[in-house]
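Student: I am new to this structure. Please take one part of it and go through that part closely, step by step.

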Amino acid sequence: MRKTSAVLATLSLAVLALTGCTAAPSFDGAACDRAAAGDGIKDAVTVTGDVGAAPDVTVFSPLTLTEPAYADLTVGDGRAIENPNQVVSLELSLYSGDTGKKVFSTAYDESQRGLSTTASWSEQSPGLGEVLQCATAGSRIVAGLTPDAFGAKSLSGIGLDDDDNVVFVIDVVDVFPSKAEGTLQFNDAAGMPTVVRASDGTPGVIVPDTAAPEKTVVQTLIKGDGPALTADQTPVVNVTAVNWDDKSVVTTTWGTTPRVDLGTAVPEVGKALVGAPVGSQLLVVVPGLDQASAIVYVVDVLGVAPAPTQ
């Protein structure tokens, strides 16, 4: 059953957009002890099938829970979800704890997979956000959530009573890096901004007190070892933009949600990214027009968004 609702619109994975800037938290060590969550839920639900494919699920209902519980049925060997704003690609199915019936599922189709973050899932259900902390790519998770894990949201929109427990089977198909990962590159062009980085990758941009270039300038600061971007791909990026004249931060995605529309929003930067390997960090200076200030863009290429089905 493919049923959407006000509750699971939510679970709909919207196009990633740019928001304001805050600190970029990471999960603490205690939160990363996934074994500490307990495995009692495994006795109440059986799941078969491969990760990434629609599972066969039996819920031994009615399922009684006094608190949320989850367990890793398969532990993947891929990248871990280390902070709430890291981009992930998931497939999932939901079941009624009372009846055991499926009430929602994603398509389990690579061409239709969306992108999301743990932070976005936490906004819909704090309990679900906790389930995803520190999970690794390639994992399959079973979780039982009590109604209070959804906060004040009603479950009636997905065909459940508001006092029903909800069973999730979640496949963590992919986990994107949170910052550029590659080899530092040497650039000797004079009069260009300098970039420094915090331990989590957040860049600081030092703009010199000189005139901005009159043509677009592109430097590779970190060269990744992933596949090179093509013109028809949509890169997922973290970006900071700084005004050359007054040195102010125009916008940044660090500490919030990476974006997929940078090439459309700033075509000059989109062109500069073509050919850059995934994992790279680029510095792109775009001259201002009509006496406007030049803008300095520092772009971390985190991956590629799935291509939509035609």
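Tutor: Start with the naming. Helices and strands here are DSSP runs, numbered from the N terminus; a helix has at least four residues and a strand at least two. The model is predicted.

Now take strands β7 and β8. β7 covers residues 139–145, and β8 covers 166–175. Asp162 sits in the loop between them. Is Asp162 buried or partly exposed? Buried needs under 20% relative accessible area, and exposed needs over 50%. Asp162 has 47%, so it counts as partly exposed. Asp162 also belongs to a negative surface patch, together with Asp98, Asp161 and Asp163.

Next, look at the strands themselves. Arg140 lies in β7 and Asp171 in β8. Their side chains form a salt bridge, 2.6 Å from N to O. The two residues are 31 apart along the chain, so the pair joins distant parts of it. Arg140 has a relative accessible area of 2%, so it is buried. Asp171 has 0%, so it is buried too. In general, side chains of opposite charge can pair when their charged atoms come close.

The two strands also share in a nonpolar core. This core is the largest one and has 27 residues. Leu94, Ile141, Phe168 and Ile170 touch the most other members. Both β7 and β8 give two or more residues to it, and so do β4 (87–96), β5 (102–105) and α3 (126–132). Which element gives the most? That is β8, with 5 residues. As a general point, nonpolar side chains tend to be buried together in soluble globular proteins. A second core stands separate, with 18 residues that include Ala241, Ile295, Val299 and Val301.

Two of the other core strands are worth a look. In β4, Glu91 makes a salt bridge with Arg113, 2.7 Å from N to O. Arg113 lies in the loop between β5 and β6 (116–117), 22 residues from Glu91. Both Glu91 and Arg113 are buried. In β5 you find Lys102. Lys102 has a relative accessible area of 33%, so it is partly exposed. From Lys102 to Thr58 is 44 residues in sequence, yet 9.6 Å between C-alpha atoms.

How many salt bridges does the whole structure hold? A search finds 6. One more joins Arg34 to Asp72, at 2.8 Å from N to O. Arg34 lies in the loop between α1 (6–9) and β1 (45–48), while Asp72 is in strand β3. Arg34 and Asp72 are both buried.

Notes
Residues are numbered from 1 along each chain as its sequence is written. This is a predicted model: local features need pLDDT of at least 70, side-chain atom pairs count only at pLDDT 80 or more; totals for chains, interfaces and linings use all residues. Side-chain values use heavy atoms; hydrogens and water are left out. A nonpolar core is a set of buried Ala, Val, Leu, Ile, Met, Phe, Trp, Tyr and Cys residues joined through side-chain atoms within 4.5 Å. Buried means under 20% relative accessible area, exposed over 50%, partly exposed in between (1.4 Å probe, protein chains only). Patches are made of residues with over 30% relative accessible area and no salt bridge: like charges are joined within 9 Å, nonpolar side chains (Val, Leu, Ile, Met, Phe, Trp, Tyr) within 5 Å. Accessible areas come from the Shrake-Rupley method with a 1.4 Å probe; for residues, only the protein chains shown count as cover. A salt bridge is a side-chain nitrogen of Lys or Arg within 4 Å of a carboxyl oxygen of Asp or Glu. Lys and Arg count as positive and Asp and Glu as negative; His and the chain ends are not counted. The place of a charge is taken as NZ of Lys, CZ of Arg, CG of Asp or CD of Glu.
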